[in-house]
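Here is a short report on one protein chain. It goes through pockets, one helix and a few single residues.

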Amino acid sequence: MSAKSELDIVCKRAYEAPASDDGYRVLVDRLWPRGCSKQELKLDDWEKSLAPSDELRQWFNHDPAKWAAFYQKYHKALKTPEHEDTLMHLVRKARAGRLTLVYGAKDTAHNNAVALKMLLQTLA
């Protein structure tokens, strides 16, 4: 019986320069990061469908006190048949090499990319 495979997933702000070891870079925000060009971001994909709803994002407002409730609601919203293929696609990418989840938020500890990484690791 094989153990769950470890996923190589990192979260990186859109305003940080891409690195050669970023692997597969995917933007996971609904909105394009302000002031960033397509060339600067060097994305392989943009998964708008995995971004939190506007309602959830506005409710959370990057308040660390709401973090646990946010990621639980966000995970519940993503655990639906409509997101299954996209989530598993990202799991496969992370098994094959590094997956970099790109996001625009200033808070590096409490954002949708970190919450998405948590969820993807449970799906491995």
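The text below takes the pockets first, then a helix, then four residues.

This is a predicted model, in which local features need pLDDT of at least 70, side-chain atom pairs count only at pLDDT 80 or more, and totals for chains, interfaces and linings use all residues. Residues are numbered from 1 along each chain as its sequence is written, and side-chain values use heavy atoms, with hydrogens and water left out.

## Pockets

A pocket here is an open set of points on a 1 Å grid over the protein atoms alone, where a 1.4 Å probe fits and protein lies on both sides within 12 Å along at least five of seven lines; lining residues have an atom within 4 Å of a point. Volume is the space filled by probe spheres set on the points, which are joined across faces, edges and corners.

The largest pocket holds about 550 Å³ of space. It is lined by 20 residues, and Asp29, Leu31, Arg57, Gly104 and Ala105 are the closest to its centre. Helix H2 (residues 54-60) gives the largest share of this lining, three residues. Helices (H or I, at least four residues) and strands (E, at least two) are DSSP runs numbered from the N terminus. By class, the lining has nine nonpolar, five polar and six charged residues. Nonpolar covers Ala, Val, Leu, Ile, Met, Phe, Trp, Tyr, Cys and Pro; charged covers Asp, Glu, Lys and Arg; the others, Gly among them, are polar.

The second largest pocket holds about 150 Å³. Its lining includes Arg30, Ser49, Trp59, Tyr74 and His83. H2 and helix H3 (67-78) are the elements that give two or more residues to this lining. Seven of its residues are nonpolar, three polar and two charged.

## Helix H5

H5 runs over residues 112-123. Its 12 residues should span 16 Å at 1.5 Å a residue, and the end C-alpha atoms are 17 Å apart, so the two agree. The expected span is 1.5 Å times one less than the number of residues.

Which residue caps the N-terminal end of H5? Asn111 does, with a side-chain oxygen 2.9 Å from the backbone nitrogen of Ala113. Several residues of H5 are buried, among them Ala113, Val114, Leu116 and Leu119. Their cover includes strand E1 (9-13), H3, helix H4 (81-96) and strand E4 (99-103).

## Four residues

Buried means under 20% relative accessible area, exposed over 50%, and partly exposed in between (1.4 Å probe, protein chains only).

| Residue | Element | Relative accessible area | Class |
|---|---|---|---|
| Lys12 | strand E1 | 10% | buried |
| Thr86 | helix H4 | 17% | buried |
| Leu120 | helix H5 | 0% | buried |
| Gln121 | helix H5 | 39% | partly exposed |

Contact means heavy atoms within 4.5 Å. The contacts below leave aside neighbours within four places in sequence.

Lys12 is in contact with residues including Ala17, Pro18, Arg25 and Tyr103. Its side chain also makes a polar contact of 3.0 Å with the side chain of Asp22. A polar contact is a pair of N or O atoms within 3.5 Å; within protein, one must be able to donate a hydrogen and the other to accept it, and residues adjacent in sequence count only if both atoms are side-chain atoms.

Thr86 touches Glu47, Ser49 and Leu50.

Leu120 is in contact with Leu7, Ile9, Leu87, Leu90, Val91, Leu99 and Leu101. Leu120 and Leu90 lie 30 residues apart in sequence, with C-alpha atoms 7.7 Å apart.

Gln121 touches Leu7 and Ile9. The C-alpha atoms of Gln121 and Glu55, 66 residues apart along the chain, are separated by 25 Å.
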